[in-house]
Structures are given as structure tokens and as C-alpha cells.
Amino acid sequence: MVTTVQKCVRAGGKHNDLDQVGFTPRHHTFFEMLGNFSFGAYSKREIIHMAWKFVRQELNMPEDRLRVTVLETDNEA
């Protein structure tokens, strides 16, 4: 499993929302886009457990500081 952080600049395109920049707290000209990729035959269930274990045990991050989100329409999540 690999996680990436890409530095992005908002520009025109298919979902052009440049006219919203500065008017809402979520529309900025510069932002970071997060993504993850799997190179193995891991299921989402395995990856979620591995990631939680890594974050809690290896990085020692406190559970009360973590937020977990799930896309409700993703039947595998």
C-alpha cells in the first residue's frame, strides 16, 4: 500500500469552480490531494486493519485524535 500527497493548484477544467475560490472555507487556489494505491492482493478489510495497527502502534497516534470516514456507497468499505 502506498499513500501519496500531491500539491495541487486549482485551475479550470471539467469541474471548473474557480469562481468559488475565497467565498467558501473549502475552495482554495492551492490544496493537497491525498490518494492511496495497492500493489498487492489485499482486500480493503485487510488494508484498513493494517493501517489502523500501523497508525496506532507504530506511530503511537492517540485514538481520540483520529477521524475515520467511509464512503457510504462503497459496499466493500
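**Entry 1: starting at V70**

I began with V70, which sits in the segment after α1. Is V70 buried or exposed? I looked up its relative accessibility and found 55%. V70 counts as exposed because exposed means over 50%. I then asked which residues join V70 in a nonpolar surface patch. The partners are W52 and V68. Together, W52, V68 and V70 have about 310 Å² of accessible area.

I note here that the model is predicted. I keep that in mind for each entry below.

**Entry 2: confidence**

I checked how far to trust the coordinates. The mean pLDDT of the protein chain is 77. Of its residues, 75% reach 70 or more. Where is confidence lowest, and where is it highest? The lowest mean is in β2, at 76. The highest is in α1, at 86. I wrote myself a reminder: where pLDDT is low, the predicted coordinates should not be read in detail.

**Entry 3: the whole chain**

Next I stepped back to the fold. How many helices and strands does the protein chain have? I found one helix and two strands. Read along the sequence, the pattern is β-β-α.

I looked up burial too. The protein chain has 77 residues, and 9% of them count as buried. About 7200 Å² of the protein chain is exposed. Carbon and sulfur atoms supply 55% of that area.

Then I turned to contacts. I took those with a separation of 6 or more. Residues 24 or more positions apart account for 45% of them.

**Entry 4: strand β2**

I picked two residues in β2 and looked at what lies across from them in space.

E32 lies in strand β2. Which residues does E32 contact, leaving aside neighbours within four places in sequence? They are V5, Q6 and K7. I looked up the C-alpha distance from E32 to V5 and got 6.3 Å. In sequence, E32 and V5 are 27 residues apart. E32 has 48% relative accessibility, so it counts as partly exposed.

F37 is also in strand β2, which covers residues 30-37. Its C-alpha is 6.4 Å from that of T3. F37 and T3 are 34 residues apart in sequence. How accessible is F37? I found 42% relative accessibility, so F37 counts as partly exposed.

**Entry 5: helix α1**

I moved on to the helix. Helix α1 spans residues 44-58 and has 15 residues. How far does α1 reach from its first C-alpha to its last? It reaches 20 Å. That is close to the 21 Å expected at 1.5 Å a residue.

Inside helix α1 I looked at R56. Leaving aside neighbours within four places in sequence, R56 is in contact with M61, P62, E63 and L66. I checked L66 by C-alpha distance. R56 and L66 are ten residues apart along the chain, and their C-alpha atoms are separated by 9.4 Å. R56 has 29% relative accessibility, so it counts as partly exposed.

**Entry 6: the salt bridge**

How many salt bridges does a search of the whole structure find? The search finds one. The partners are R56 and E63. Their closest N and O atoms are 3.9 Å apart. The pair counts as a salt bridge because the cut-off is within 4 Å.

I compared each partner with the burial cut-offs. R56, at 29% relative accessibility, is partly exposed because that class lies between 20% and 50%. E63, at 48%, also counts as partly exposed.

**Entry 7: just after the helix**

Last, I looked at N60. N60 lies in the segment after α1. What is the sign of its phi, positive or negative? Phi of N60 is near 55°, a positive value in a residue other than glycine. I also looked up how accessible N60 is. Its relative accessible area is 58%, so N60 is exposed.

**Summary for my notebook**

The chain runs β-β-α. E32 in β2 contacts V5, Q6 and K7. R56 in α1 forms a salt bridge with E63. V70, in the segment after α1, shares a nonpolar surface patch with W52 and V68.

Notes
Residues numbered from 1 in each chain as written. Predicted model: local features only at pLDDT ≥ 70, side-chain atom pairs only at ≥ 80, totals over all residues. Heavy atoms only, no water. Helix = DSSP H or I, 4+ residues; strand = E, 2+ residues; numbered from the N terminus. Expected span 1.5 Å × (residues − 1). Buried < 20%, exposed > 50% of the residue type's maximum accessible area, 1.4 Å probe, protein only. Contact = heavy atoms within 4.5 Å. Areas by Shrake-Rupley, 256 points an atom, 1.4 Å probe, with all protein chains shown as cover. Salt bridge = Lys/Arg side-chain N within 4 Å of Asp/Glu carboxyl O. Patch = residues over 30% accessible without salt bridge, like charges linked within 9 Å, V, L, I, M, F, W, Y side chains within 5 Å. pLDDT = per-residue confidence, 0-100.
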